[in-house]
Amino acid sequence: MIWQRKHILGMRDLEAEEINLILETAESFKEISTRTIKKVPTMRGKTVVNLFFEPSTRTRTSFEIAAKRLSADTINFTVSASSVSKGETLIDTARNIEAMNPDIIVTRHSAGGAPYLLSKYVNSSIINAGDGAHEHPSQALLDMLTVKEQKGKLKGLKLAIIGDISHSRVARSNIFGFTKMGVEVRVAGPATLIPVDIEKMGVGVFYRIEQAIEEADIIMMLRIQMERQKGQLFPTLREYSRFYSLDLKRLKLAKEDVTIMHPGPINRGIEISPEVADGPYSVILNQVTNGVAVRMALLYLLAGGGDLD
Amino acid sequence: MLIRKAALKFRLYGGKVIDPHNQLEGNFDILVENGKIARVTPTGSTPKAPPESGVENIDVSGKIVVPGLIDMHVHLREPGFEYKETIQTGSRAAAAGGFSSICCMPNTNPVNDSSSVTEYILNKAETGGWVNVFPIGAISKGLRGESLAEIGELKEAGVVAISDDGNPVMNSNLMRRALEYAKVFDLPVIPHCEDKDLSGEGLINEGFISTITGLPGIPAAAEAVMVARDIALAELTGWRLHIAHVSTAGAVRFIREAKARGVAVTAEATPHHFSLTEEAVKDYDTNTKVNPPLRSGKDLDAVKEGLNDGTIDVIASDHAPQSSVEKELEFESAENGIIGLETELSLSLKLVADGILSLSDVIAKLTINPARILRLPKGTLSEGADADISVIDLEQSWLVDPSKFNSKSRNTPFNHWELKGRAVMTIVGGKIVMRDGVIQE
Ligand SMILES: [Zn+2]
């Protein structure tokens with residue numbers, strides 16, 4: 001297929017064949033990362049702006065490395081949300097940045113939908129690097145690449161996502177992405193953390209971790225945040241941990257070769273027990289390498305493709 | 001008001017008159033004299049007035065002639081937010097949309113919780129307004145929901161109802177007292193039904209769209225529980241309640257049930273709540289951000305059913321102008337509100353095309369029904385009544401283009417919609433204020 005999409009705003013919009021193309025492209029970029037000179041001239045003369053309204057060293061660095069390996073010029077803007085009233089900042093900043101004629105703007109914002117707004121005001125391609133509780137498509141794509149490598153396929157696998165689904169952009173993007181690729185996705189958490197009508201996204205809904213992880217090929221544990229709620233969503237971290245943490249005993253319910261993923265940072269001993277976190281199931285380092293490859297693929301495709309050598 | 005300057009004599013002839021108040025439907029000529037409806041006679045029964053009589057003959061054949069439309073729920077933003085709308089621009093939008101009377105909500109700055117603000121609004125309307133403007137006063141001081149506004153004095157100054165619209169009266173006892181107290185002054189109470197604890201940080205309807213967008217949801221129950229509470233309080237106090245902007249199936253059900261038991265409750269729905277669902281919000285268009293939010297398809301169907309069976313008495317726009325500064329923002333930071341005066345009639349006529357309401361029912365919900373609720377001597381083509389008349393061309397198709405609106409603001413989700421049926425003349429107190437889409441400066 002030929003890539004035609006201008007923006008990556010969410011996994012919601014992507015078709016299965018587009019996802020396949022991104023993953024295949026990422027696989028070929030992984031090879032570049034193993035070379036001594038980890039750089040190709042594909043995006044020479046192109047400009048990538050990292051426009052972050054929410055601090056995130058990990059994601060920003062990953063995009064930056066990806067852009068540099070493609071020989072693009074990168075400019076980083078980290079805008080503090082408290083500096084000016086939020087709305088003014090976004091449109092004003094967008095207009096200012098547009099004056100530099102960037103080819104691609106990678107953006108993160110605490111407000112869901114902010115990349116949509118941005119895409120209306122600039123001519124550049126927009127990559128959503130996380131917006132509110134909405135989506136984080138590059139995270140989902142790197143998760144998919146990691147799983148594909150681990151299991152050799154996606155179709156037919158069982159994925160369980162455990163925790164605060166309501167407030168998780170990673171969960172949303174992964175649900176959209178994995179279900180499109182034929183993965184059976186289940187979510188579990190207390191009912192207060194599971195958004196309404198989520199079964200319409202094509203997932204199985206469970207309130208017990210034990211049911212969700214049964215025979216699972218992949219378990220994705222989401223970070224639980226006490227500060228989000230005022231005792232109205234669940235009583236205490238202690239009780240949450242008691243019913244929803246992934247420990248060795250529960251892990252036995254999953255497939256023997258289960259892969260455990262966590263978008264990080266982990267609350268050790270809360271959503272995941274230390275034995276499991278440090279056990280042989282975790283693929284966290286792979287996720288970092290794959291993150292760069294997937295982001296290279298996104299930048300490359302949005303910039304119009306071209307010769308890889 | 002402009003109407004007082006009117007001294008024209010004219011005769012609308014050849015049109016099809018629909019006057020639900022007089023149960024009149026047929027071809028009639030209407031003679032307007034001294035700002036009043038002088039005579040309504042079957043077409044052809046009276047000869048055309050000769051030129052020397054000074055009576056202008058206005059051919060409205062092929063058009064529908066109805067009592068001047070009334071929108072009982074409008075935000076004119078003046079005083080305090082003149083950059084969004086003024087009494088002049090808002091009433092101009094009303095005239096353009098076929099409305100000869102509008103009622104303005106009190107959430108201005110200062111709030112219309114005192115006679116001086118009411119007088120200010122009435123004075124502005126008189127000197128610069130294009131249509132009749134009837135202010136609605138606050139239930140509570142400053143709309144804070146803590147203590148009663150000076151409701152008696154507001155009534156004397158000219159308010160036609162009380163409402164804290166934009167805010168619910170969360171304190172049930174205050175709501176009870178408001179109903180009791182308003183009874184003394186014969187003012188209907190118009191609640192904005194929303195349980196703030198349930199709506200919380202919510203921005204859009206809680207449902208599939210809030211789930212996929214990650215935007216916090218407002219459950220339908222936030223409206224329904226307050227509607228149920230207010231109905232119980234209307235029963236307790238024996239006073240008249242008019243529920244603003246009904247958006248949920250639950251609310252419709254409670255109102256229907258209360259009406260069946262004879263409770264003095266009436267209700268309104270907005271064109272956006274019977275034309276759009278939460279689907280419209282999925283790409284974060286802030287022009288779809290409104291409170292109550294656009295709801296599910298089931299809710300929309302229930303609202304239409306409520307309009308159909310009379311549970312919902314009135315169509316009102318909840319015209320809520322917002323400037324681009326407040327809308328060209330991240331969804332969570334944008335203000336709520338949709339402007340409606342210039343698309344309301346056409347969207348309402350769509351209900352006729354869709355078989356939900358008869359044309360006469362639509363007109364009733366835009367004329368005599370709100371007039372009765374507010375006890376306005378309007379919404380009728382009776383001889384002797386104020387000559388407030390709207391003429392509608394049911395066949396005219398048009399494309400919504402916000403840049404052509406008379407309102408100061410542009411916040412509509414109906415941009416580029418092709419609509420059919422439009423007001424071609426608005427007459428206020430015998431003065432033609434809009435003719436063929438043109439405001440008569
Ligand atoms: Zn309201």
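**Helix ends and burial in chains A and B**

Author: Helix H12 of chain B (helices are DSSP runs of H or I, at least four residues, numbered from the N terminus) is followed by B:Gly355, whose phi is positive, near 75 degrees. This is a predicted model, in which local features need pLDDT of at least 70, side-chain atom pairs count only at pLDDT 80 or more, and totals for chains, interfaces and linings use all residues. Residues are numbered from 1 along each chain as written, chains are lettered from A and ligands numbered from 1 in written order, and side-chain values use heavy atoms, without hydrogens and water.

Reader: Why is helix H12 of chain B called largely enclosed?

Author: Buried means under 20% relative accessible area, exposed over 50%, partly exposed in between (1.4 Å probe, protein chains only). Seven of the 10 residues of H12(B), residues 344-353, are buried, so the rest of the structure largely encloses this helix. Among them are B:Leu345, B:Leu347, B:Leu349 and B:Leu351.

Reader: What makes B:Glu153 partly exposed?

Author: Its relative accessible area is 36%, so B:Glu153 falls in the middle class. The residue sits in helix H3 (residues 151-157) of chain B.

Reader: How do you know that the span of helix H2 of chain A agrees with its 13 residues?

Author: The expected span is 1.5 Å times one less than the number of residues. For residues 57-69 that gives 18 Å, and the end C-alpha atoms are 18 Å apart, so the two agree. Buried residues of H2(A) include A:Phe63 and A:Arg69. After the helix comes A:Ser71, with a positive phi near 70 degrees.

Reader: Why does A:Thr107 count as buried or exposed?

Author: Its relative accessibility is 2%, so A:Thr107 counts as buried. A:Thr107 belongs to strand E3 (residues 104-109) of chain A; strands are DSSP runs of E, at least two residues. Its C-alpha atom is 5.3 Å from that of A:Ala129, 22 residues apart along the chain.
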